[in-house]
Amino acid sequence: MAIAETLKVAVAANFKPTLEDLAEKFEQETGHKLLISAASTGILFNQLVNGAPFDIFLSADRQRPGMLKEKGMILPGSQHTYAMGELVLWSPGESTTLVELRDNKARLAIANPAIAPYGLAAQQLLENLGIWSYVESRLVKGASIQQTWQFVVSGNVPVGLVAKAQMVDGDQYTVMPYEYYDPIQQDMVILKRTQHPDAAKQFVEFILSESAQSLIESHGYFSVVKKDKDGSLIEKALIDKAPIDRARIDRARIESTLIKD
């Protein structure tokens, strides 16, 4: 009988609620438990580089897992995309647009672009829409996308650019056009320092399974796997989420997309 292990998992703040649901299913299927620690991707990365004893890292981007790979800190072949995030504009109890926000002088909450991938996506979006210079002085930056959401839900900031996965039934929000920010491609890795490589590999297989991906999708993310011809699961080619081609930004299309009648 296999020994049940406890895996220490560092997870980007936006994915923590989803991971908590997944952890229950993972324990039911394998007996292994997860000990979850959540923060912004940048903070977790710094902790890992400085020796934090995690087995698995679920990032909100693919750059920092790639940097860990370059440093020789992950198990070979363990980097996989597990979800694709989406950015939304949210103002509790009312609908708004970025163009309205540009003109009404209200404060806007975003995650800190220096440490949070959703914050970087928000900055790219605002810059590509030509709005950044109008709102920069009014930005309230959260240490993570979770803190950004808390700024808005508490009423301290009237509107925010947050993760679609943070929305619940009844929330009014506007999905931001993803062609104006680089894909929020969320990757996971197994750390080379893990003492439980077999259990960690089981976790990776579980996250990429059809049932886990269905749950991830139900939480507001894009699924990243599909079935091959033989029925096996393979990671999707993210063709429809290609990086921004800034030369093709159409200002007229921006206005028609974001201005409501």
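Me: Before going further, what does buried mean here, and what percentage of the 261 residues do buried residues make up?
Reply: A residue is called buried when its relative accessible area is under 20%. In this predicted model, buried residues make up 49% of the 261 residues in the protein chain. The accessible surface of the protein chain comes to about 12,500 Å², and carbon and sulfur atoms hold 48% of that area.

Me: How many helices and strands does the protein chain have?
Reply: The protein chain has 10 helices and 12 strands. As for its contacts with a separation of 6 or more, 77% are between residues 24 or more positions apart.

Me: How should I read a sheet, and which order do the strands of the open sheet have?
Reply: In general, the strands of a sheet pair through backbone hydrogen bonds, and that pairing is either parallel or antiparallel. Here, 5 strands form an open sheet in the order β7-β6-β8-β5-β9, with mixed pairing. The strands β7 (139-142) and β9 (173-175) stand at the edges and have a single partner strand each, so one side of each lacks a neighbour in the sheet. Neighbouring strands of this sheet are turned against each other by 30° on average, direction ignored.

Me: Which strands pair with β8, and in what sense?
Reply: Strand β5 (residues 87-90) pairs with β8 in the antiparallel sense over 4 bridges, whereas strand β6 (residues 108-111) runs parallel to β8 and is joined to it by 2 bridges. Gly160 in β8 is a useful residue to follow, with Trp90 standing opposite it and Ala109 having it as bridge partner. Trp90 also stands opposite Tyr173 in β9, and β5 and β9 run antiparallel, joined by 3 bridges. Helix α7 (residues 145-153) packs on the sheet, where it touches β5, β6, β7 and β8, and its direction makes about 145° with that of β8.

Me: Why is strand β8 described as largely enclosed by the rest of the structure?
Reply: In strand β8 (residues 159-163), 5 of the 5 residues are buried, so the strand is largely enclosed by the rest of the structure.

Me: Turning to helix packing, where do the axes of α1 and α8 come within 11 Å, and at roughly what angle do they cross?
Reply: The axes of helix α1 (residues 16-30) and helix α8 (residues 197-207) come within 11 Å and cross at roughly 115°, and the crossing is right-handed. On the α1 side, the residues in contact are Leu19, Leu22, Lys25, Phe26, Glu29 and Thr30, which meet Ala199, Gln202, Phe203, Phe206 and Ile207 in α8. By class, this contact has 7 nonpolar, 2 polar and 2 charged residues.

Definitions and conventions. Residues are numbered from 1 along each chain as its sequence is written. This is a predicted model: local features need pLDDT of at least 70, side-chain atom pairs count only at pLDDT 80 or more; totals for chains, interfaces and linings use all residues. Side-chain values use heavy atoms; hydrogens and water are left out. Axes are lines fitted to C-alpha atoms, for helices over the stretch in contact, and angles run from 0 to 180 degrees between N-to-C directions. A crossing is left-handed if the near helix is turned anticlockwise from the far one by less than a right angle, and right-handed if clockwise. Contact means heavy atoms within 4.5 Å. Ala, Val, Leu, Ile, Met, Phe, Trp, Tyr, Cys and Pro count as nonpolar, Asp, Glu, Lys and Arg as charged, and the others, Gly among them, as polar. Buried means under 20% relative accessible area, exposed over 50%, partly exposed in between (1.4 Å probe, protein chains only). Two strands pair if DSSP finds at least two bridges between them. Accessible areas come from the Shrake-Rupley method with a 1.4 Å probe; for residues, only the protein chains shown count as cover.
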